[in-house]
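This report goes through a protein model, its buried positions, its strand pairing and its nonpolar cores. The sequence and structure are shown first.

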Amino acid sequence: MLRKVLGGNDMSRKNLRLAGYDYSAVGCYFVTMCVRDKRKLLWSNVGANYVRPDLSDIGKVIDGEIQHLHAVYSCVSVDKYVIMPNHLHFIISITDDVSGRTQFAPTIGRIVKQFKGVVTKKIGYSIWQKSYHDHIIRNETDYQRIWQYIDNNPASWQEDCYYV
């Protein structure tokens, strides 16, 4: 009934995850999170020097939380990241937990949810678009291609699909 009131498929969302894949598996993942409505909240100098961006206060909170992620999940590290005006990209590595702690392996979804939640709590409101984009990095060539993409992203901001 609610679906009919809202009109058609407004209730259904496309599942972006690979069916049957264990997103807590040891490996590397390329993750993109976007700011809702493509608002440019993460740089203080949008429109200035794209090669050397200055992070806004929100961008600095995000930067701090990226750096803190390994302390939250000992088997998770961020190998490379970039904070853009309205989105961020990072390579997350999940390894075997050798800390001796009895903890379940976090999934990429749990990591993203926790990350977004902490940032939201610290700044006092949510800036995030629902969901996130992920890519399972399958080999060294894929890893290097994504690493280069992250490195070059600020300089090519005006050509970026998130540029508005």
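## Buried positions outside the strands

Pro-154 has a relative accessible area of 10%, so this residue counts as buried. The model is a predicted one. Pro-154 lies in the segment that follows helix 4 (140-152). Its C-alpha atom is 6.7 Å from that of Met-84, although the two residues are 70 apart along the chain.

Asp-142 belongs to helix 4 itself. Asp-142 is also buried, because its relative accessibility is 10% and the cut-off for burial is under 20%. Apart from residues up to four places away in sequence, Asp-142 touches His-135, Ile-136 and Ile-137.

Ser-56 sits in the loop between strand 1 and helix 2. With a relative accessibility of 12%, Ser-56 is buried as well. What does the side chain of Ser-56 reach at 2.5 Å? The partner is the backbone oxygen of Leu-41. Setting aside neighbours within four places in sequence, the contacts of Ser-56 are Leu-41, Leu-42, Trp-43 and Ser-44.

Two cysteines can be added to these positions. Cys-34 is buried at 5% relative accessibility, and Cys-75 is buried with a relative accessible area of 4%. The structure has zero disulfides. The table collects the values for the residues discussed so far.

| Residue | Relative accessible area |
|---|---|
| Pro-154 | 10% |
| Asp-142 | 10% |
| Ser-56 | 12% |
| Cys-34 | 5% |
| Cys-75 | 4% |

## Strand 3 and its partners

Strand 3 is paired with strand 1 and with strand 2. With strand 1 the pairing is antiparallel and runs over eight bridges; here Tyr-29 stands opposite Ile-92 of strand 3. With strand 2 the pairing is again antiparallel, over seven bridges, and Val-76 has Ile-94 of strand 3 as its bridge partner. Strand 2 and strand 3 are joined by a hairpin through three residues.

Is strand 3 largely enclosed or open, given the burial of its residues? Eight of its eight residues are buried, so the rest of the structure largely encloses strand 3. In a regular strand, side chains alternate between the two faces of the sheet. In strand 3 both faces are covered: one side carries the buried residues His-87, His-89, Ile-91 and Ser-93, and the other carries Leu-88, Phe-90, Ile-92 and Ile-94, likewise buried.

## Nonpolar cores

Nonpolar side chains tend to be buried together in soluble globular proteins. The largest nonpolar core here has 28 residues, and the members that touch the most others are Val-31, Met-33, Ile-62 and Ile-108. Elements contributing two or more residues to this core are strand 1 (27-34), helix 2 (57-72), strand 2 (76-83), strand 3 (87-94) and helix 3 (108-123). Which of these elements gives the most to this core? Helix 3 does, with six residues.

Ile-62 shows how such a member is surrounded. Not counting neighbours within four places in sequence, Ile-62 is in contact with Leu-42, Ile-83, Leu-88, Phe-115, Val-119, Ile-127 and Trp-128. A second core, separate from this one, has nine residues, among them Trp-43, Val-82, Met-84 and Ile-91. Of these, Met-84 is the residue whose C-alpha atom is 6.7 Å from that of Pro-154, and Trp-43 is one of the contacts of Ser-56.

Methods
Residues are numbered from 1 along each chain as its sequence is written. This is a predicted model: local features need pLDDT of at least 70, side-chain atom pairs count only at pLDDT 80 or more; totals for chains, interfaces and linings use all residues. Side-chain values use heavy atoms; hydrogens and water are left out. A nonpolar core is a set of buried Ala, Val, Leu, Ile, Met, Phe, Trp, Tyr and Cys residues joined through side-chain atoms within 4.5 Å. Buried means under 20% relative accessible area, exposed over 50%, partly exposed in between (1.4 Å probe, protein chains only). Helices (H or I, at least four residues) and strands (E, at least two) are DSSP runs, numbered from the N terminus. Contact means heavy atoms within 4.5 Å. A polar contact is a pair of N or O atoms within 3.5 Å; within protein, one must be able to donate a hydrogen and the other to accept it, and residues adjacent in sequence count only if both atoms are side-chain atoms. Two strands pair if DSSP finds at least two bridges between them. A disulfide is a pair of cysteine sulfur atoms within 2.5 Å.
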